Amino acid sequence: MSSVNLGSWARPSSMLNQVNRSRSPTFALFNGLRKSPISFITPKSRTHPISSSSSVSENAVADSEEEDKPTFNFKAYMLEKANKVNQALDAAVALREPEKIHEAMRYSLLAGGKRVRPVLCIAACELVGGNEAMAMPSACAVEMIHTMSLIHDDLPCMDNDDLRRGKPTNHKVFGEEVAVLAGDALLSFAFEHIAVSTAGVSPARIVRAIGELAKSIGSEGLVAGQVVDINSEGLSDVGVERLEFIHLHKTAALLEAAVVLGAIMGGGSDEEVEKLRKFARYIGLLFQVVDDILDVTKSSQELGKTAGKDLVADKVTYPKLLGIEKSREFAEKLNNDAREQLSGFDPEKAAPLYALANYIAYRQN
């Protein structure tokens, strides 16, 4: 498999070289996915520093209550939205003929998970003036694609993993052939679901959203990140810029799509959409930095998936390149920068996104 040309994306200004140069991140917004790396700058001090022993729910809720409004109950919000997403997913992918493939699709799709991506989609829609119903098909579609990526990532030809969300991986239960097809079916149905099930939104906005989602997972998005990740295994010269490329595409792209789709479906202005796109890119990279930290600081039982697998596969990670403490500092900075993008929006409507950024920063699995 040929390597993606990084030269067209990243200019020679790595995060480590930017430590003492500027207080501004080199984070440019283009129509393409990612054109410039995010500079590594030591963050401002915060009340709740990231640590391996901190509680995700307590820290996330504490931050949302302390810095947003005490009336916002983040835990209740997440439970309500996740429950509605689960109901919508259950209804969308019903058990029907051929039963085997739908059983495999449902096995991974309904296996649990935090539902961060669909909740981000709904929250972004509501932030710009839309409602939950407008965003729900897109929210479900993003979760279907996310599930597809997990099924495929776990295959023997990829990460070769046996555990996902505390359960045997899809191919361990249904076999490799069915697992591949289950992922393919979820991918194709995601786009059908947006096109057929979205109501109260103009056709132009639906088409725009479908285009955004397709780009986020194709050869300029998730696939690009996956290819470079595979080709980087075992290499000794992988630097921070290539690591950023991998994660801005492999992880952040779909988180970005979730937020942008919500903003589009809710009728957000171009300025609002782009501001939320930038927010999403920060939290997308934040998600992966925290994931890298958890992989080396938590057990498989705590994570619900195989711990330490990146080390075994000789993959480059943020802790490997920067060390644990510098990785935590970088996560703090990404969280701060993400929340800065929410300035100018109604604080009450922005509270869920503000708290979700904290949740991603302080999660423990």
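1. Cys-125 is found in helix 4, and in this predicted model it makes a useful starting point for a reading of the fold. At 0% relative accessibility, Cys-125 counts as buried. Although Cys-125 and Ala-263 are separated by 138 residues in sequence, their C-alpha atoms lie 4.7 Å apart in space. Once neighbours within four places in sequence are set aside, the residues in contact with Cys-125 are Gly-130, Asn-131, Met-134, Ala-135, Gly-262, Ala-263, Met-265 and Gly-266.

2. On the cysteines, a search of the whole structure finds zero disulfides. For Cys-125, the closest cysteine sulfur belongs to Cys-121 and is 7.0 Å away, which is too far for a bond, given that a disulfide requires the two sulfur atoms to be within 2.5 Å. Cys-157, by contrast with the buried Cys-125, is exposed, with a relative accessible area of 65%.

3. Helix 5 covers residues 132-153, and its 22 residues should span 32 Å at 1.5 Å a residue; the C-alpha atoms at its ends are 30 Å apart, which agrees with that expectation. Of these 22 residues, 21 are buried, so helix 5 is largely enclosed by the rest of the structure. Its N-terminal end is capped by Asn-131, with a side-chain oxygen of that residue lying 3.1 Å from the backbone nitrogen of Ala-133. Asn-131 is also one of the residues in contact with Cys-125.

4. The largest nonpolar core holds 97 residues, and those that touch the most other members are Leu-120, Met-144, Leu-213, Leu-276 and Leu-353. Helix 12 (residues 270-297) supplies the largest share of this core, with 13 residues. In soluble globular proteins, nonpolar side chains tend to be buried together. Taking Met-144 as an example, and not counting residues up to four places away in sequence, the residues touched are Leu-89, Ala-92, Val-93, Leu-109, Leu-186, Phe-189, Ala-190 and His-193.

5. A charged side chain also deserves comment, namely that of Glu-256, which lies in helix 11 (residues 252-265). Glu-256 is buried, with a relative accessible area of 3%, and its side chain is joined to two arginine side chains by polar contacts, one of 2.8 Å to Arg-277 and another of 2.9 Å to Arg-281.

6. Two arginines have backbone angles that a reader may wish to inspect in the model. Arg-115, although it is not a glycine, has a positive phi of about 60°; this residue is found in the loop between helix 3 and helix 4 (116-127), where it is buried, with a relative accessible area of 3%. Arg-165 likewise is not a glycine and has a positive phi, of about 55°, but its place is the loop between strand 1 (163-164) and strand 2 (167-168), and with a relative accessible area of 24% it is partly exposed.

7. One further backbone feature concerns the peptide bond between Glu-97 and Pro-98, which is cis, with omega at about -10°. Pro-98 lies in the loop between helix 2 (74-92) and helix 3 (99-109).

Technical notes: Residues numbered from 1 in each chain as written. Predicted model: local features only at pLDDT ≥ 70, side-chain atom pairs only at ≥ 80, totals over all residues. Heavy atoms only, no water. Helix = DSSP H or I, 4+ residues; strand = E, 2+ residues; numbered from the N terminus. Expected span 1.5 Å × (residues − 1). Buried < 20%, exposed > 50% of the residue type's maximum accessible area, 1.4 Å probe, protein only. Polar contact = N/O pair within 3.5 Å; in protein donor to acceptor, adjacent residues only side chain to side chain. Core = buried A, V, L, I, M, F, W, Y, C linked by side-chain atoms within 4.5 Å. Contact = heavy atoms within 4.5 Å.
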